[in-house]
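These notebook entries record what I looked up in one structure, in the order in which I consulted it. I began with a single loop position and worked outward from there.

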Amino acid sequence: MAGFLKRLVPKRLRKRELVIPVVRLQGAIMADGSPLRPALNLASISASLDKAFSMKDTPAVAIAVNSPGGSPVQSRLIYSRIRALAEEKGKRVHVFVEDVAASGGYMIALAGDEIVADPSSIVGSIGVVSGGFGFPELLRKIGVERRIYTAGENKAILDPFQPEKPGDIEHLKSLQLDIHATFIDMVKARRGHRLSGDPEVFSGLFWTGTRGLELGLIDGLGDMRGELRKRYGETVKLELVTATRGLLGRRIPGVGGSSAAVDIAGAAAGGLASVLEEKALWARYGL
């Protein structure tokens, strides 16, 4: 109601304030989540980004990033969407790191024209990791025989129920190196001369915001409200932008969203798996 009444007042008589839209990107980055545990991906945040960048009379969009990483594809898709919207709408992008912007989270942060973090934030982890478990000895102990039939000699590559093969590991490493090279190119393209030149930057290590500033991974230390007031004045107003919700308060799913007709047992299992995967990602950074 207050907003409606405010619009009735002529612009020349309104209190002058500059509204900066804020989009929060929180959580592990996964291609798909579950009804119990929504994931951070392009489908889940595209509507919020479109809405924020479409707001008139604002020169910038602020993005709060708090993510330990995840899918490199979804990370790059989110990064690309932010940059495309920024160029299309002619707006500056301010990224603010909260607890962590590591791995894919840092890749998203690269979309900012400026990256600001707390001194104790975790940033970096410019690398690629894959993991899994192997069970060949367990099967042998419990008397289970693994039977697998393929058309294509490498179709069962990295099967966790068979002993590791050097060729399989070599192939996986080649994929990781390709993804790592893409990540490095993005960092160099966006951070350019601001990087310190320390070779450890691309080693997969991660640092506090204070050290990240020295390495050139970020541009400053601070918080969103304080930094935006410095740049745009004391009358700046931050407005959180969220996805549209339905009549029952649930988010309207985007492209690839989960169907409403979900098997409850399957959803619970999928949700548990998502929770465990996300907790493992956060745990890498002591969170």
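**Entry 1. Two serines with positive phi.** I worked on a predicted model. I started at Ser 125, which I located in the loop between strand S5 (122–124) and H5. I noted that its phi is positive, about 60°, although the residue is not a glycine. Is Ser 125 buried or exposed? Its relative accessibility is 3%, so I recorded Ser 125 as buried. I then turned to Ser 103, a residue other than glycine whose phi is also positive, near 55°. I placed Ser 103 in the loop between S3 and H4. Because its relative accessibility is 15%, and buried means under 20%, Ser 103 counts as buried.

**Entry 2. The chain as a whole.** I counted nine helices and eight strands in the protein chain. Of its 287 residues, 38% are buried. I looked up the accessible surface and found about 16,900 Å², with 57% of it belonging to carbon and sulfur atoms. For contacts between residues at least 6 apart in sequence, I noted that 74% join residues at least 24 apart.

**Entry 3. Nonpolar cores.** Which residues touch the most other members of the largest nonpolar core? I listed Leu 25, Ile 63, Ile 82, Tyr 106 and Leu 217, out of 45 residues in that core. I then asked which elements supply at least two residues each, and recorded strand S1 (19–26), helix H2 (42–53), strand S2 (60–67), helix H3 (72–89), strand S3 (92–102), helix H4 (104–109), strand S4 (114–117) and H6. I followed Tyr 106 further: leaving out residues up to four places away in sequence, Tyr 106 touches Ala 101, Ile 115, Gly 124, Ile 126, Phe 183, Val 187, Arg 191 and Leu 217. I also found a second, separate core of 10 residues, which includes Phe 96, Val 116, Met 224 and Leu 228.

**Entry 4. Helix H6.** I took up helix H6 (166–191) next. H6 has 26 residues and reaches 37 Å from its first C-alpha to its last, close to the 38 Å expected at 1.5 Å a residue. I recorded its buried residues as Asp 168, Gln 176, His 180, Phe 183, Ile 184, Met 186, Val 187 and Arg 191. Against which elements do the buried residues of H6 pack? I found H3, H4 and S4. Just after H6, I noted a positive phi of about 50° at Gly 192.

I examined His 180 of H6 separately. His 180 has 18% relative accessibility and therefore counts as buried. Apart from neighbours within four places in sequence, I found His 180 in contact with Ile 126, Gly 127, Val 128 and Phe 202.

**Entry 5. Salt bridges.** Side chains of opposite charge can pair when their charged atoms come close. How many salt bridges does the structure hold? I recorded 12.

I looked first at Asp 113 and Arg 190, whose side chains meet in a salt bridge at 3.9 Å, N to O. Asp 113 lies in the loop between H4 and S4 and Arg 190 in helix H6, so the pair ties together parts 77 residues apart in sequence. I noted Asp 113 as partly exposed, at 22% relative accessible area.

I turned then to Arg 191, which forms a salt bridge with Asp 219, the closest N and O atoms being 2.9 Å apart. Arg 191 lies in helix H6 and Asp 219 in the loop between helix H7 (209–215) and strand S7 (220–221), so this pair ties together parts 28 residues apart in sequence. Arg 191 is buried, with a relative accessible area of 2%, whereas Asp 219 is partly exposed at 27%.

I also recorded the salt bridge between Arg 229 and Glu 234, with closest N and O atoms 3.0 Å apart. Arg 229 is partly exposed at 25% relative accessibility, while Glu 234 is exposed at 58% relative accessible area. Lastly, I noted that Glu 114, Glu 227, Lys 230 and Arg 231 are linked in a network of salt bridges.

**Entry 6. A surface patch.** I closed with a nonpolar surface patch of about 270 Å², made by Leu 138, Ile 142 and Val 144. Ile 142 sits in the loop between helix H5 (136–141) and helix H6 (166–191). Its relative accessible area is 53%, so I recorded Ile 142 as exposed.

Terms used. Residues are numbered from 1 along each chain as its sequence is written. This is a predicted model: local features need pLDDT of at least 70, side-chain atom pairs count only at pLDDT 80 or more; totals for chains, interfaces and linings use all residues. Side-chain values use heavy atoms; hydrogens and water are left out. Patches are made of residues with over 30% relative accessible area and no salt bridge: like charges are joined within 9 Å, nonpolar side chains (Val, Leu, Ile, Met, Phe, Trp, Tyr) within 5 Å. Accessible areas come from the Shrake-Rupley method with a 1.4 Å probe; for residues, only the protein chains shown count as cover. A salt bridge is a side-chain nitrogen of Lys or Arg within 4 Å of a carboxyl oxygen of Asp or Glu. Helices (H or I, at least four residues) and strands (E, at least two) are DSSP runs, numbered from the N terminus. Buried means under 20% relative accessible area, exposed over 50%, partly exposed in between (1.4 Å probe, protein chains only). A nonpolar core is a set of buried Ala, Val, Leu, Ile, Met, Phe, Trp, Tyr and Cys residues joined through side-chain atoms within 4.5 Å. Contact means heavy atoms within 4.5 Å. The expected span of a helix is 1.5 Å times one less than its number of residues.
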